[in-house]
Amino acid sequence: ISGILYSKVWFVWKSSRVNFSFDFGVESFLLSNFSSFDQISGELHYIGSDLSNGLFKLVHLNFEGLKDNFSLEDLEILTRDRKGSRVASVFLRSIDFEELRKGLDLIHQFKPFSGKLLEILDSIEVNGSLEDIFFLPGVGYSSPSLVANIVDADIKSFKGFPEIVGLNGFVSLAPNNGYLDFYNKEFSIEFKNVFSNAWGFSGGRGRIAYSIEDKNLSVRSGLLELLEGDTRAQGKVSLNINSDNSKNTWGLSLGVRNAKLEESLKYIPQSVGDGFRGWLKNASVYGKGNQIGVTVHGAFGKKLSSVGKSHDVFLDINETSLKFHNEWPRLRSAEGILHANSYFVNMRNGLARAYETSFKDLSFNIPVEAPNRVERILVTAKSVGPFADGIRFLNETPLSSYTKKVGTHWIGVGEIKSRIDLVLPLIDSNSRVQINT
């Protein structure tokens, strides 16, 4: 160790009280051959019954000469001597995550630290601050622990963990386990490589816990409750993170109530494929989903095979408007349950209206061809409607090319009851509309 020390010390020692102040500075500080600083300065006060029972207060501590200067203010350390063992607790009013990152770098310079939790904290990009921080170093068999309030934190995506903006809550950390309780107003969550858009919420609460064993980080949540206007979402999430990316897995179960269907794309995993997502976007769906259910699990690496990924999406629709094919009339007042996964999209036993005709037992199936291609829609239904609607179907849909527009001048009254089976191509090919009615 080398350096130039300058200091001022005020010291009072009485039979029942010890009080001292230490104002110090070190220039050109060198520790061994790996840590050097242009200057270290600080101010420390202590008051207690003796040197083992009292309160240290670090008014300020500054390190200059790092790639970034580091400073710390208002750190308090309370010590107690209990049966020959010294017990200490540390309190810090607040620190922002940028200063915390510098502090972790400083710890690594003084002592290379291989703790898995520190490695994880050092590798996550976080903005925001911690407030009301209590740290217990741990004595005997007890592990060190830290508790703090998180304030307006923005967390970047980390090995499958979602990106979160505007997080507030309470965190409890220990070397091998801990948890986060969040209670938020405005914030957003983005599962990159899984969903195409961030999810914005006006409120939410829940608990997320972690455990560390060897090189594995396991993250599990309790029931998470999220709000956005009239939309209610509840779900659970789990992640297993390993240094080997091929072993990273995750799972999500989510239920959403009263969601606007025109915004439903953000709840549909990217692994569903562009075929269904493109069809859903072009269908210009309007209305509300009574319930939307999403389950996703498997390997989340973007470059990993889709064989290791699985998802199911269920949409319970009511009073919904959609255009399932651009050459056919829009369906109104649609009801039913849509189910989408990697292999198909279908609805069974649905209800809908087109023109003034009512459809029941409405079913359609959209096979998802490899790789994620949607080429055709299969539709079956029973219908009851006015004869005039039957003429419109003949004249204003692709059926006109098969009937040679024979119904152009037809006029009629009465009712038509029918059963319809359609195969509708969605891509440019030699495929033709197939109809049996």
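Me: Why is Arg-205 called exposed?
Reply: In this predicted model, Arg-205 has a relative accessible area of 52%. Exposed means over 50%, so Arg-205 counts as exposed.

Me: And its partner, Glu-225: what makes that residue partly exposed?
Reply: The relative accessibility of Glu-225 is 28%. Buried would need a value under 20% and exposed one over 50%, so Glu-225 falls in between and is partly exposed.

Me: How do you know that Glu-225 and Arg-205 meet in a salt bridge?
Reply: Their side chains come to 3.2 Å, N to O. The cut-off asks for a side-chain nitrogen of Lys or Arg within 4 Å of a carboxyl oxygen of Asp or Glu, so the pair qualifies as a salt bridge. Glu-225 sits in strand β15 (residues 224-228) and Arg-205 in strand β13 (residues 203-213), so the bridge ties together parts that are 20 residues apart in sequence. The whole structure holds seven salt bridges.

Me: What makes Asp-361 and Lys-382 a salt bridge?
Reply: Here the closest N and O atoms are 3.7 Å apart. The limit is within 4 Å, so this pair passes too. Distant parts of the chain are linked by the pair, with Asp-361 in strand β22 (residues 357-369) and Lys-382 in strand β24 (residues 376-386), 21 residues apart. Asp-361 has 33% relative accessibility and Lys-382 a relative accessible area of 37%; partly exposed lies between under 20% and over 50%, so that term fits Asp-361 and Lys-382.

Me: How do you know that Arg-392 and Glu-396 are about one turn of the helix apart?
Reply: Both lie in helix α4 (residues 387-396), with a spacing of four residues. Their side chains also form a salt bridge at 3.4 Å, N to O. Arg-392, at 35%, and Glu-396, at 44%, are each partly exposed, because neither value is under 20% or over 50%.

Me: Buried or exposed: which word fits His-339, and why?
Reply: His-339 has 15% relative accessibility. Buried means under 20%, so His-339 counts as buried. This residue belongs to strand β20 (residues 331-340).

Me: What makes the pairing of His-339 and Asp-312 a polar contact?
Reply: Their side chains are joined at 2.8 Å, and a polar contact needs N or O atoms within 3.5 Å. Leaving aside residues up to four places away in sequence, His-339 also touches Val-313, Phe-314, Phe-344, Val-345 and Asn-346.

Me: Which residues touch the most other members of the largest nonpolar core?
Reply: They are Phe-195, Trp-250 and Phe-324, in a core of 93 residues. Strand β17 (residues 249-260) gives the most to this core, with five residues. The contacts of Phe-324, not counting residues up to four places away in sequence, are Trp-279, Leu-331, Ile-377, Val-379 and Leu-424.

Me: Why is the space of about 220 Å³ called a cavity?
Reply: A cavity is a set of points where a 1.4 Å probe fits but cannot get out, so the name says that this space is closed to the probe. Of its 19 lining residues, the closest to the centre include Ile-189, Phe-191 and Val-237. Strand β16 (231-242) brings the largest share of the lining, four residues.

Me: What lines the second largest pocket?
Reply: There are 29 lining residues, and among those nearest the centre are Phe-359, Ser-383 and Phe-393. The pocket holds about 520 Å³ of space.

Technical notes:
Residues numbered from 1 in each chain as written. Predicted model: local features only at pLDDT ≥ 70, side-chain atom pairs only at ≥ 80, totals over all residues. Heavy atoms only, no water. Helix = DSSP H or I, 4+ residues; strand = E, 2+ residues; numbered from the N terminus. Buried < 20%, exposed > 50% of the residue type's maximum accessible area, 1.4 Å probe, protein only. Core = buried A, V, L, I, M, F, W, Y, C linked by side-chain atoms within 4.5 Å. Contact = heavy atoms within 4.5 Å. Polar contact = N/O pair within 3.5 Å; in protein donor to acceptor, adjacent residues only side chain to side chain. 1 Å grid on protein atoms, 1.4 Å probe; cavity = no way out; pocket = protein on both sides within 12 Å on 5 of 7 lines; lining within 4 Å. Points joined across faces, edges and corners; volume = space filled by probe spheres on them.
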